[in-house]
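I opened a notebook for this structure and wrote down, entry by entry, what I looked up. The entries follow the order in which I went through the model.

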Amino acid sequence: KIVLNFQNVSFMSSAMIGKLVLFGKKCKTAKVALRLCNINDNVDEVFKLMRLNKVFAIDKDEETSLKKIKKK
């Protein structure tokens with residue numbers, strides 16, 4: 001189970017987004033639960049444009065992510 005907190009991330013390069021997508025695929029293959037949280041508005045807009053909000057489980061805050069990931 002992994003929660004990635006994006007609290008201090010204000011920008012993501014296309015290379016970093018590619019790495020995140022690859023990491024997400026590896027987590028799915030390994031049956032590891034992955035949730036993202038605390039994504040700021042700029043990064044969230046990029047995620048929506050690239051439809052990554054459909055690929056990743058995204059929560060508003062870390063507390064919510066931890067609660068949801070513990071349920072699995």
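**Strands and crossovers**

I began with β2 and β3, which pair in the parallel sense over three bridges. I keep in mind throughout that this is a predicted model. For one position in this pairing I looked up the partner of Arg-35, and in β3 it is Ala-57. I then followed the chain from β2 through α2 to β3, and noted that this β-α-β crossover is right-handed.

Next I turned to β1 and β2, which also pair in the parallel sense, here over four bridges. Val-3 has Arg-35 of β2 as its bridge partner, and the path from β1 through α1 to β2 makes a β-α-β crossover that is right-handed. Arg-35 thus appears in my notes twice, as the partner of Val-3 and as the partner of Ala-57.

I wanted to know which residues of β2 are buried on either side. I found Leu-34 and Leu-36 buried on one side and Arg-35 and Cys-37 buried on the other, with both faces of the strand covered. As a reminder to myself, side chains in a regular strand alternate between the two faces of the sheet.

**Ile-2 in β1**

I looked up Ile-2, which has its place in strand β1, and found that it is partly exposed, with a relative accessible area of 27%. Not counting residues up to four places away in sequence, Ile-2 touches Phe-23, Cys-27, Val-32, Ala-33, Leu-34, Arg-35 and Ile-69. I checked the pair Ile-2 and Ile-69 separately: the two are 67 residues apart in sequence, and their C-alpha atoms are 8.0 Å apart in space.

**Helix α2**

Which residues of α2 are buried? I listed Val-43, Asp-44 and Phe-47. Looking down the axis of α2, I found that its buried residues fall within an arc of 100°, and so they line one face of the helix. On the other side of α2, Asp-41, Asn-42 and Leu-49 are exposed. I then asked what covers the buried residues of α2, and the cover includes α1, β2 (34-37) and β3 (57-59).

At the start of α2, a side-chain oxygen of Asn-40 reaches to within 2.9 Å of the backbone nitrogen of Asn-42. At the other end I noted Arg-51, which comes just after α2 and takes a positive phi of about 60°.

**Aromatic rings**

I searched for aromatic pairs and counted two. One of them joins Phe-6 and Phe-47, edge-to-face, with 6.3 Å from centre to centre and 75° between the planes. This pair links distant parts of the chain, since Phe-6 is in the loop between β1 (2-5) and α1 (14-29) while Phe-47 is in helix α2 (residues 41-49), 41 residues apart. I also looked at Phe-47 with Phe-56, a tilted pair whose centres are 6.5 Å apart and whose planes make an angle of 35°. Phe-6 and Phe-47 are both buried, and Phe-56 is buried as well. I therefore entered Phe-6, Phe-47 and Phe-56 together, as they form one aromatic cluster.**Positive phi angles**

For this entry I recalled that most residues other than glycine have a negative phi. I noted two residues with positive values. Asn-38, which lies in the loop between β2 and α2, has a phi near 55°. I found Asn-38 to be partly exposed, with a relative accessible area of 21%. Arg-51 is found in the loop between α2 and β3, and has a positive phi of about 60° although it is not a glycine. At 61% relative accessibility, Arg-51 counts as exposed.

**Asp-59 in β3**

Is Asp-59 buried or exposed? Asp-59, which lies in strand β3, counts as buried at 5% relative accessibility. Its side chain is joined to that of Lys-68 by a polar contact of 3.3 Å. Leaving aside neighbours within four places in sequence, I listed Arg-35, Leu-36, Cys-37, Asn-38, Thr-64, Ser-65 and Lys-68 as the residues in contact with Asp-59.

Note on methods: Residues are numbered from 1 along each chain as its sequence is written. This is a predicted model: local features need pLDDT of at least 70, side-chain atom pairs count only at pLDDT 80 or more; totals for chains, interfaces and linings use all residues. Side-chain values use heavy atoms; hydrogens and water are left out. Rings of Phe, Tyr and Trp (its six-membered ring) pair if their centres lie within 6.5 Å; planes under 30 degrees apart count as stacked, over 60 as edge-to-face and the rest as tilted. Buried means under 20% relative accessible area, exposed over 50%, partly exposed in between (1.4 Å probe, protein chains only). The arc is that of the directions from the helix axis to the C-beta atoms. Contact means heavy atoms within 4.5 Å. A polar contact is a pair of N or O atoms within 3.5 Å; within protein, one must be able to donate a hydrogen and the other to accept it, and residues adjacent in sequence count only if both atoms are side-chain atoms. Two strands pair if DSSP finds at least two bridges between them. A crossover is right-handed if, with the strands pointing away from the viewer, the path from the first strand over the helix to the second runs clockwise.
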